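Subject: Structure handover

Hello,

I am passing a structure on to you, and my notes come with it. Please look through the structure first and then read on.

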Amino acid sequence: TCACFTTGSRGLTPAFFFGSESGTVSYADDLGPCTDVQSLSSCIDCLMFYEGKSRLVIVTRSLLMTQIQVNEDGRVAPVMKVKLSVAGDASSRGVREVCWAGPGLMAAACGEGMIRFWDLAKDENYVLTLTSAGLKRSERAISIAFNPLQRYIAVGTRDGCVCMWKFVGDYSADNKEKSKNQTAASDWIALPTVGVSGSVSNLTWGPGQGILAAGGDYGCVMLTETVLHRNLNEGVAAIQVNSDTVMIETDGGNKCNVNCGINVKG
């Protein structure tokens, strides 16, 4: 059901792990050798390699998170297991929408009105609510993606919104201002949200900066980072609200949106 490569891959035969619906974790390379290294009691929904500690992080359909230490020869040894407390869609379909949001920091969209973070380096956890980005309480997070270059985390919702936060904290081990140097919800600042035409089931950051693909039954929408301009003249304000639309408002409170038909640059 999922796979990940290890940093110990050598030459032209990269080693990798993969998990199955039956709960088996296997170790293999492209020359053919394949060995079962771990057997769990439930379907494996998430399999990620924690490079900083050379560990395999596994989340099963029964919401059991297991960390396994990986040696250079592929031999493994269980380190810890913990039962995740998650509501939303995870109770039926598992924790599948997961990404790294920093060194040892896992983030997951589980069909709830929040994003869950697990700091594996410090054994801490916290949440970011969708309402902190200005969304309704009824919104549910179903997809997630992290941009390590700009430190943006994007979340897609069931009702067609893409909300984002920027990480402004410090991942550095030299950070002495916080106890045990863990991250927290206060390290994330909400950015403006974007609406699309349907449920956002997939999110992927592009290779360049500020490009995000949002996918669903409607196809794929490309979102690009845009500088929004504004101007004020004789009691009339013009405020750009997206790439091609400007909101006009007078000092008397009257306002309307004008679609310019072009991408506004100033």
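The notes below cover the pockets, the cysteines, one serine and two loop residues.

Please keep in mind that this is a predicted model.

Pockets

The largest pocket has a volume of about 600 Å³. It is lined by 19 residues, and those closest to its centre are M164, V194, T224, E225 and T226. Four elements give two or more residues each to this lining: β16 (188-195), β18 (211-216), β19 (219-224) and β21 (236-242). Of these, β16 provides the largest share, with four residues. Sorted by class, the lining of the largest pocket holds 12 nonpolar residues, six polar ones and one charged one.

The second largest pocket encloses about 280 Å³ of space. Its lining is made up of 18 residues, and V82, L84, W118, E124 and N125 are the ones nearest its centre. At least two lining residues come from each of β7, β8 (76-83), β11 (114-119) and β12 (124-129). By class, the lining of the second largest pocket has 10 nonpolar, three polar and five charged residues.

Cysteines

How many disulfides does a search of the whole structure find? The search returns zero. C99 is in no disulfide, and the nearest cysteine sulfur to it, that of C46, is 9.8 Å away. C99 counts as buried, because its relative accessibility is 10% and the cut-off for buried is under 20%.

C110 gives a similar entry for the notes. The closest cysteine sulfur to that of C110 is also in C46, at 10 Å, which is too far for a bond. A disulfide needs the two sulfur atoms to be within 2.5 Å, so the C110 sulfur, 10 Å from that of C46, does not qualify. C110 is buried as well, with a relative accessible area of 3%.

Serine 26

S26 sits in strand β3, which covers residues 24-28. Is S26 buried or exposed? With a relative accessibility of 5%, S26 counts as buried. The side chain of S26 makes a polar contact with the side chain of D36, at 2.7 Å. D36 is also among the residues in contact with S26 once neighbours within four places in sequence are left aside. The others on that list are F16, F17, F18, C34, T35 and V37.

Two loop residues with positive phi

Most residues other than glycine have a negative phi. Two residues are listed here for their positive values.

L63 has a phi near 65°, a positive value in a residue other than glycine. Where is L63 placed? L63 is in the loop between β6 (55-60) and β7 (64-70). β7 has already come up, as one of the strands that supply residues to the lining of the second largest pocket. L63 is buried, with a relative accessible area of 9%.

R151 has a phi near 60°, again positive in a residue other than glycine. R151 lies in the loop between β13 (141-147) and β14 (152-157). R151 is partly exposed, because its relative accessible area is 29% and partly exposed covers the range between the 20% limit for buried and the 50% limit for exposed.

Regards

Definitions and conventions:
Residues are numbered from 1 along each chain as its sequence is written. This is a predicted model: local features need pLDDT of at least 70, side-chain atom pairs count only at pLDDT 80 or more; totals for chains, interfaces and linings use all residues. Side-chain values use heavy atoms; hydrogens and water are left out. Buried means under 20% relative accessible area, exposed over 50%, partly exposed in between (1.4 Å probe, protein chains only). On a 1 Å grid over the protein atoms alone, a cavity is a set of points where a 1.4 Å probe fits but cannot get out, and a pocket is an open set with protein on both sides within 12 Å along at least five of seven lines; lining residues have an atom within 4 Å of a point. Grid points are joined across faces, edges and corners, and a volume is the space filled by probe spheres set on the points. Ala, Val, Leu, Ile, Met, Phe, Trp, Tyr, Cys and Pro count as nonpolar, Asp, Glu, Lys and Arg as charged, and the others, Gly among them, as polar. A polar contact is a pair of N or O atoms within 3.5 Å; within protein, one must be able to donate a hydrogen and the other to accept it, and residues adjacent in sequence count only if both atoms are side-chain atoms. Contact means heavy atoms within 4.5 Å.
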